[in-house]
Structure formats: C-alpha cells, structure tokens
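Grab a coffee and work through these exercises with the structure open. Each task comes with a stepwise solution.

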Amino acid sequence: MSILLEVSGLGKNYYKQRGITRKKVTALNNVSFRLHSGKTLAIVGETGSGKSTLAKLLVGIEKPDSGIIKLSGEQVDISNYKKYNHVIRFIFQDAGRSLNPLQKVGQMLEDVLRFSTILDAEQRRVKIRKTLKQLGLLDEHAEYYPHMFSGGQLQRVALARALILDPKLLILDEALTALDPSLRAQIVNLLLELQQQDGLAYLLITNNLQLVRHISDEMLVLYQGQAADSGLTAEVFANPQHDYTKKLINSAL
Ligand SMILES: Nc1ncnc2c1ncn2[C@@H]1O[C@H](COP(=O)(O)OP(=O)(O)OP(=O)(O)O)[C@@H](O)[C@H]1O
C-alpha cells in the first residue's frame, strides 16, 4: 500500500489573551506520522493534548506554524480548501445533529457536488442515489429532512455527505463517541466494508481504546501536543513506552 499522508514536524501555537498579556499555548509540537492508503491510524490523548488541532490542520480550518503535509508524496498547502476538500473529508462528534435542519438530505448532497465537482445535473442525481445506497439508505431518504431520521441513520447521512466526493482519507473526530454500542458497531462495520471496497484511509480520533484496538492498524498517542508513542497498534498496546500511554492502556484493560 502506498503512503497517502505524510506529516513531518507539524506545529501549532495559539495565543490566549490574559489581561494585557498574551499567553502562548503550544497545541502541537513537532508531530510526524505516516498513513497508508486503506489503513486506519488512531490518534489518542487526554483532553487538550492537541487531537482536534491536528484534525483542523489536516482539513485546513487552521494553518500550521511549522511542518510539512504531503499527500501522495506531494507537499500541499491544505488551506487551499477547494483543491483538497474532496481528498480529505471529516466528520465531527454528533455530525448528524450538525446538519442543516431546514434542508432536505438530497439538496444537501446536491450542494456538496455542485460546489466541489463539475458533474452535470443528471450525473449528480446518479451519484446521490449511489451514495445513499452505499450507506444503506434509500432513494426516498433524499426527500427527508434531518429530523425525520433515527440517530444511526443520521450518522449515515453525515457519512454520505463526507463520502460523496470519493475522498481518500476520512477524519473521524470523536464521530462515533455519542453512539450507543450497537449503533457504533453497525457504523464501524460499515466503515470497515467501505475501507475494503474503496481503499479509504481513516484517521480516527478517539479515546475509546477498545475501538482503537478493534479497528486501527497504527496509533499515535499525543501528550501535551507531542507524540508520546506511535507504531503498530498491537505493538503499542503490548509495549507502551511513555508513562502516559502505560496509564492509558492499563486503565482500559
Ligand atoms: N482556538 C484556540 N485558541 C486558543 N487555544 C486553543 C484553541 N484551540 C485549542 N486551543 C488549546 O490548544 C490545546 C489543544 O487543544 P485541542 O482542542 O487540540 O485538544 P484535544 O486533544 O482535541 O482536546 P479534547 O479531547 O478536549 O477535544 C488546548 O490547550 C486548548 O486549550
């Protein structure tokens, strides 16, 4: 499998105003990793360790202060949103509930295609039907508003919006956390199927270590913005190096 995403020396600082002084917060410091096509990398770490900052840098919501991001071997300026938003898509926690309540699902998907592709109206219609089907939804769901779906279906709609552009990488930032266990299992199976069919890569941000163990090939543990441990998931679980990772894994056993 080829290297899809290569991140080297990524760094990001924020500045918080405290009265008349500005306090520097280093959210990420010199973080590097690689993700191969068709594989899953889990990012874990305590609250404030920089996980969401990493996701925001990878989808261009924030700009890094240092470091290089390469996609398929080519250095990219990911903040060129229109150029890369079909390659890297993301869904956040409670993604289903962040859908526009006044917009039918078909229209929402249509807008994504109109904004980011050159497909004509008929091609867009076919693509919407195909994507709904791929996610176990029906043609008629295109006419539904978000409130007409169950929680699990809503998560599928959010996935449809993320996947309709045939991305190579999907970032799931705590996207499965709010689901109840049986629903989560359904969505995880769906994600694994899609990965096998299409060679999608996932960057899974979560503190659910069972999930990490179940679906990730590799993991990166962030601690205070830095990589504390990284490597094959089974190896990190078997032989954690950093004290924080040891504690984290012990608490999950
Ligand atoms: N926009 C911002 N302005 C100032 N500080 C920020 C901003 N966003 C994040 N930070 C700070 O950067 C650090 C990393 O935050 P981040 O949200 O990436 O952590 P996280 O690991 O995703 O945490 P959580 O699991 O709670 O979501 C924290 O100290 C946070 O307070």
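**Exercise 1.** Into which domains is the protein divided?

*Solution.* A word on the model before we start: it is predicted, so local features need pLDDT of at least 70 and side-chain atom pairs count only at pLDDT 80 or more, while totals for chains, interfaces and linings use all residues. Residue numbers start from 1 along each chain as its sequence is written.

Step 1: the split gives domain 1 (3-87 + 169-252) and domain 2 (99-166), with bounds from an automatic or database domain assignment.

Step 2: their centres, taken over C-alpha atoms, are 26 Å apart.

Step 3: across the boundary, 9 residues of domain 1 are in contact with 8 of domain 2 (C-beta atoms, placed from the backbone, within 7 Å). On the domain 1 side, helix H6 (residues 181-198) supplies the largest share, 4 residues. Helices here are DSSP runs of H or I with at least four residues, strands are E runs of at least two, and both are numbered from the N terminus.

**Exercise 2.** Is Glu174 buried, exposed or partly exposed?

*Solution.* Step 1: locate Glu174, which sits in the loop between strand S7 (169-173) and H6.

Step 2: recall the cut-offs, counting other C-beta atoms (placed from the backbone) within 10 Å: 20 or more is buried, 12 or fewer exposed, in between partly exposed.

Step 3: Glu174 has 19 C-beta neighbours inside 10 Å, so it counts as partly exposed.

Step 4: leaving aside neighbours within four places in sequence, Glu174 contacts Phe92, Gln93, Ile205 and Thr206.

Conventions. Contact = placed C-beta atoms within 7 Å.
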